[in-house]
Amino acid sequence: MDPVPPAERDDPYSLTEGEDEMKKREFIADDLLSKIYQNKYPPGGKLPTERELADQYGVSRYTIREALKKLLNIGSIHVVQGSGIFVTDTITQSPLISNSLQEKKFKDIESKVVYLKREKASASSQRIFDSQSDVWSFKRVRLVDYQKVQIETSLLPVELFPDLDEGVIAQSVHEYVQKCGYAISHFITSYSAVNVSKEDAELLNCKKGLAAMKIVNRGILKDGQVFEYSELINLDYSVSYFTPFNTNKHQFRKN
């Protein structure tokens, strides 16, 4: 059977037999996400079955299953045994749809601690945390599927986390924050393109000057306290957002 209907063969965006399997999965996952945010499959709604999706996209059920796995991993859908595949009710409550690390389970991400040290608060960290407390400074390398993909350098105030240790840094810091009794509210994040420095290239086992993404994060608790400031260098990083159109901002940019 032809994997693509004849009418679509001239469509540059259609899937063909010779395309890379991973690209097919990514295309289908992204297309399903698009349809979810177009409200074709609304929050709480049901997706077509694997067989129906395989027929729609002209691919095998295995390819569909792998595409759906991405949506499962980022929390966009959930499966009810015997009932089907459903869109998560809360999917539109956060602008972040997914990033390339979020698609991995914590058990698939390993952290190698480069250092953890206690330091006097600098002028900048005093402004960030609105406190003169000492800060924990740590650096770690994150590995996904045994590949080094990220360097994270972070600051946390000692007054909030007096018992921080390397065991915590090697695991999930945000899990530790919640275990300390704090409720995380949100993150303020900025992105910029950078080239990997010589020092970071040695840690990541890559070439100096390689293109990468720099991510700066401020983590904020429910009471408004900044609990974390981090700078990350990511290789092969991708992120997707759901962004409502802001009429006022558009009008401001026109003037």
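**Exercise 1.** In this predicted model, determine which residues Ile 36 is in contact with, leaving aside its neighbours within four places in sequence.

*Solution.* Begin by setting those sequence neighbours aside and applying the contact cut-off, heavy atoms within 4.5 Å. What remains for Ile 36 is contact with Tyr 41, Leu 71, Ile 77, Val 87 and Ile 91. Next, place Ile 36 in its wider setting: the largest nonpolar core has 21 residues, and Ile 36 is one of those that touch the most other members, together with Leu 32, Ile 64 and Leu 68. Then ask where the members of this core come from: α1, α2, α3 and β2 each supply at least two residues, and the largest share, six residues, comes from α1. Finally, note that a second core, separate from this one, has 14 residues, among them Trp 136, Leu 156, Val 158 and Phe 161.

**Exercise 2.** Work out how the buried and exposed residues of helix α2 (residues 50-57) are arranged around the helix, and identify what covers the buried ones.

*Solution.* First, list the buried positions of α2, which are Glu 50, Leu 53, Ala 54 and Tyr 57. Seen down the axis of α2, these buried residues fall within an arc of 105 degrees, so they line one face of the helix. Second, turn to the other side of α2, where Arg 51 and Asp 55 are exposed. Third, look for what covers the buried residues of α2, which includes α1 (21-37), α3 (61-73) and β2 (84-87). Last, follow the chain beyond the helix, where α2 gives way to Gly 58, a residue with a positive phi near 65 degrees.

Technical notes
Residues are numbered from 1 along each chain as its sequence is written. This is a predicted model: local features need pLDDT of at least 70, side-chain atom pairs count only at pLDDT 80 or more; totals for chains, interfaces and linings use all residues. Side-chain values use heavy atoms; hydrogens and water are left out. Buried means under 20% relative accessible area, exposed over 50%, partly exposed in between (1.4 Å probe, protein chains only). Helices (H or I, at least four residues) and strands (E, at least two) are DSSP runs, numbered from the N terminus. The arc is that of the directions from the helix axis to the C-beta atoms. A nonpolar core is a set of buried Ala, Val, Leu, Ile, Met, Phe, Trp, Tyr and Cys residues joined through side-chain atoms within 4.5 Å.
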